[in-house]
Amino acid sequence: MKGTPKRELAAAQTALAAEHAAIYGYAVVGAHLSGDERARAIAIYQAHRRRRDELARLIAAEKAPPTPAASAYRVPFAIEAAPDARKLAAQLEDGIAQAYAALVAAGGKDMRDLGASALAAAAAAAAGWRGTTTAFPGLAGGPGN
Amino acid sequence: MLAAAGLVAAAAVSGCTRNSSDGPASDRPSADAAARDRILEDKAALLAVYAATIERHPTLRRPLDSFVRRHAAHVDALRHALAATPTSSPTMTRRPHQARISPQRSTAVLTLADAEQEATDSRRSVVESALSGTFAALVASIAACENAHALLLRAEADR
């Protein structure tokens with residue numbers, strides 16, 4: 001994050017908070033899926049952990065304390081069966097996508113790179129859970145969303 | 001305070017992609033406009049492959065319709081993304097001859113998936129070098145949609 005403004009750091013912290021939430025959420029998601037879907041949830045969970053660590057490292061390199069995970073997260077609806085788990089996973093990816101789109105907008109070259117790959121991964125993961133995609137992942141108010 | 005700043009950043013992204021009046025023209029250097037015009041040419045070519053594929057495989061019209069509509073939404077957003085209007089005219093792109101589309105439905109769909117993958121990969125350098133952060137975010141979002149398209153088309157090919 002060499003020579004980057006406070007805006008980039010703030011966006012990185014927001015993305016890190018979204019990763020913490022996704023990691024918590026995917027543990028719930030994985031518990032309600034089986035077979036291939038469970039394997040997919042675990043693989044995505046691990047990818048989110050890697051991105052969390054990468055973000056925390058970049059933030060710490062700026063001598064800023066990385067945003068810690070919350071002690072608990074409120075799941076927005078009851079997760080009783082696989083369809084609820086897929087829905088939650090897709091919503092987690094929506095939140096991730098928004099945070100990374102903001103990071104791309106605010107970031108320098110390195111953060112843009114990380115943000116763009118994470119945004120693409122989130123869009124693909126959401127599409128995997130939903131079977132469809134929006135035209136502008138991460139841009140909630142964007143055209144066509 | 002950090003959370004508040006994050007919200008500001010998020011609002012900047014969604015707000016700016018909706019408005020064509022995205023700051024003064026001097027903030028919209030021609031390098032971004034040139035990159036935008038190249039993406040528009042790409043999109044026209046991609047849409048032409050969709051059209052030829054649907055012509056060759058009419059049963060794909062319905063499953064591919066939402067993909068075509070999202071690409072059209074990208075074209076629209078890109079055309080309005082910067083102060084400078086696009087120089088290229090996407091309608092000029094020639095449609096690939098129908099005979100070049102595989103007679104195998106699944107192969108034709110996989111060819112589209114490959115084209116989407118190529119498209120999403122080629123956006124990376126634009127995102128990196130864009131002078132406008134708002135434009136970079138729009139291109140990254142479009143690339144993310146194309147990445148999702150590649151995944152969905154591979155699933156469709158297996159159907």
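Trainee: Hi! What radius of gyration does chain A have, and what would a compact globule with 145 residues have?

Mentor: Chain A has 15 Å, and a compact globule with 145 residues would have a radius of gyration near 15 Å, so the value agrees. Bear in mind that this is a predicted model.

Trainee: Good to know. What does the C-alpha trace of chain A span along its principal axes?

Mentor: About 45 × 35 × 25 Å.

Trainee: And how many helices and strands are in there?

Mentor: Chain A has 4 helices and 0 strands, in the order α-α-α-α from the N terminus on.

Trainee: How many helices and strands are there in chain B?

Mentor: Chain B has 6 helices and 0 strands, and its pattern along the sequence reads α-α-α-α-α-α.

Trainee: What share of the residues is buried in chain A, and what share in chain B?

Mentor: For chain A, 48% of the 145 residues count as buried. For chain B, buried residues make up 38% of 159.

Trainee: What about contacts between residues far along the sequence, say at least 24 apart in chain A?

Mentor: In chain A, 66% of the contacts between residues at least 6 apart in sequence join residues at least 24 apart. In chain B, residues 24 or more positions apart account for 81% of the contacts with a separation of 6 or more.

Trainee: Changing topic: where do helix 4 of chain A and helix 6 of chain B stand, in angle and axes?

Mentor: They pack at an angle of about 35 degrees, with their axes 8 Å apart. The crossing of helix 4 of chain A and helix 6 of chain B is right-handed.

Trainee: Which residues meet there?

Mentor: From helix 4 of chain A, the residues include A:Gly115, A:Ala116, A:Leu119, A:Ala123 and A:Gly128. On the side of helix 6 of chain B, they include B:Ala136, B:Ala140, B:Ala144, B:Ala148 and B:Leu151.

Trainee: Let me follow up on B:Leu151. Is that one buried, exposed or partly exposed?

Mentor: B:Leu151 counts as partly exposed, because there are 19 C-beta neighbours inside 10 Å, and a residue needs 20 or more to be buried.

Trainee: So what does B:Leu151 touch?

Mentor: Not counting residues up to four places away in sequence, B:Leu151 touches A:Ala124, A:Ala127 and A:Gly128. The C-alpha atoms of B:Leu151 and B:Gln117 are separated by 8.8 Å, with their positions 34 residues apart along the chain.

Trainee: Back to helix 4 of chain A. How many of its residues are buried?

Mentor: Helix 4 of chain A is mostly covered, with 17 of its 22 residues buried. Its end C-alpha atoms are 31 Å apart, which agrees with the 32 Å that 22 residues should span at 1.5 Å a residue. A:Gly131 follows helix 4 of chain A and has a positive phi, near 80 degrees.

Trainee: Can you pick a residue inside that helix?

Mentor: Take A:Ala118, which lies in helix 4 of chain A. A:Ala118 is buried, because 28 other C-beta atoms lie within 10 Å. Beyond residues up to four places away in sequence, A:Ala118 touches A:Arg51, A:Ile96 and A:Tyr100.

Trainee: What about the largest nonpolar core: which residues have the most contacts inside it?

Mentor: That core has 75 residues, and those with the most contacts inside it are A:Tyr100, A:Val104, A:Leu119, A:Ala123, B:Val139 and B:Ala140. Among the contacts of B:Ala140, neighbours within four places aside, are A:Val104, A:Leu119 and B:Val127. As background, nonpolar side chains tend to be buried together in soluble globular proteins.

Trainee: I'd like a look at chain B too. What do the buried residues of helix 2 of chain B pack against?

Mentor: They pack against helix 3, helix 4, helix 5 and helix 6 of chain B. Among those buried residues are B:Asp32, B:Arg36, B:Ile39, B:Leu40 and B:Leu46. Helix 2 of chain B has 27 residues and reaches 39 Å from its first C-alpha to its last, close to the 39 Å expected.

Trainee: Last one: what is the phi of A:Lys63?

Mentor: A:Lys63 has a positive phi of about 60 degrees although it is not a glycine. For context, most residues other than glycine have a negative phi. A:Lys63 lies in the loop between helix 2 and helix 3 of chain A. A:Lys63 is exposed, with 6 other C-beta atoms within 10 Å.

Conventions:
Residues are numbered from 1 along each chain as its sequence is written. Chains are lettered from A and ligands numbered from 1 in the order in which they are written. This is a predicted model: local features need pLDDT of at least 70, side-chain atom pairs count only at pLDDT 80 or more; totals for chains, interfaces and linings use all residues. Helices (H or I, at least four residues) and strands (E, at least two) are DSSP runs, numbered from the N terminus. The radius of gyration is taken over C-alpha atoms; the globule rule is 2.2 Å times the number of residues to the power 0.38. A residue is buried if 20 or more other C-beta atoms lie within 10 Å of its own, exposed if 12 or fewer, and partly exposed in between; C-beta atoms are placed from the backbone. Two residues are in contact if their C-beta atoms, placed from the backbone, lie within 7 Å. The expected span of a helix is 1.5 Å times one less than its number of residues. A nonpolar core is a set of buried Ala, Val, Leu, Ile, Met, Phe, Trp, Tyr and Cys residues joined through C-beta atoms within 7 Å. Axes are lines fitted to C-alpha atoms, for helices over the stretch in contact, and angles run from 0 to 180 degrees between N-to-C directions. A crossing is left-handed if the near helix is turned anticlockwise from the far one by less than a right angle, and right-handed if clockwise.
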